[in-house]
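Reader: I have a few questions about this protein before I go back to the bench. Could you take me through them one at a time?

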Amino acid sequence: MQQTINISYDVFERLEGLPSDDQKLLKAATEAAKGAYAPYSKFHVGSAVLVENGDIVVGNNQENLAYPSGLCAERVAAFSASALHPDQKLMAIAITAFSEDFTTDKPVPPCGACRQVLIEYEIRDNQPMRCILRGSTGQIFVFHSIRDLLPLQGKFFG
Ligand code: THU
């Protein structure tokens, strides 16, 4: 027997094509990327989480000379959002990045560890978390659930 998992996502060519809430979230992530502390990788990631009450909580990557002590932008944003709003659902997350060394013209997806963290909030909240991805330029991908970025976890444990 063979089973198939299908994942659909929306692709937008321009920021202006997104619904206004998602535009706002992606702009907040873009602004947040400028505040990243990334002296080692020179890869500046920004993230913004939309909380149920409409608040936007941003994060950016924070690096450290002891490399594993740093943290990705997505987890900085999601942990902050949950810490600041423990009773609110996390509705959506936007992620973007720019590099000092090369052009990021492809969407920047969250790493595996961040996906694991995000899906747990999605399961806790019983609410799909939209995920809006973009490089510093180029197409924008919108996933409708973190389950689509971590399908087996979502299928069997959520
Ligand atoms: N990084 C993020 O913040 N999010 C991602 O999705 C990919 C990687 C950070 C970690 C590190 O500070 C730098 O980007 C290079 O990997």
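Reader: Which backbone oxygen lies 3.1 Å from a polar atom of the side chain of Thr96?

Author: In this predicted model, that oxygen belongs to Arg134, and the distance of 3.1 Å runs from there to a polar atom of the Thr96 side chain.

Reader: And is Thr96 buried or exposed?

Author: Thr96 counts as buried, because its relative accessibility is 4%, and this residue sits in strand 4, which covers residues 90-99. If neighbours within four places in sequence are set aside, Thr96 is in contact with Leu26, Ala29, Thr30, His44, Val45, Gly46, Arg134, Gly135 and Ser136.

Reader: Switching to helix 2, what do its buried residues pack against?

Author: They pack against strand 2 (43-51), strand 3 (56-60), strand 4 and helix 3 (112-125). Among the buried residues of helix 2 are Ala73, Val76, Ala77 and Ala81, and the charged-looking names Glu74 and Arg75 are on that list as well.

Reader: How far apart are the end C-alpha atoms of helix 2?

Author: They are 16 Å apart, which agrees with the 16 Å that its 12 residues, 73-84, should span at 1.5 Å a residue.

Reader: Now the cysteines: how many disulfides does a search of the whole structure find?

Author: The search finds 0 disulfides. Cys114 is in none, and the nearest cysteine sulfur, that of Cys111, is 3.8 Å away.

Reader: Why is Cys131 not bonded to Cys114?

Author: The closest cysteine sulfur to that of Cys131 is the one in Cys114, but they are 10 Å apart, so the distance is too far for a bond. Cys131 counts as buried at 0% relative accessibility, and Cys114 is buried with a relative accessible area of 0%.

Technical notes
Residues are numbered from 1 along each chain as its sequence is written. This is a predicted model: local features need pLDDT of at least 70, side-chain atom pairs count only at pLDDT 80 or more; totals for chains, interfaces and linings use all residues. Side-chain values use heavy atoms; hydrogens and water are left out. Helices (H or I, at least four residues) and strands (E, at least two) are DSSP runs, numbered from the N terminus. Buried means under 20% relative accessible area, exposed over 50%, partly exposed in between (1.4 Å probe, protein chains only). A polar contact is a pair of N or O atoms within 3.5 Å; within protein, one must be able to donate a hydrogen and the other to accept it, and residues adjacent in sequence count only if both atoms are side-chain atoms. Contact means heavy atoms within 4.5 Å. The expected span of a helix is 1.5 Å times one less than its number of residues. A disulfide is a pair of cysteine sulfur atoms within 2.5 Å.
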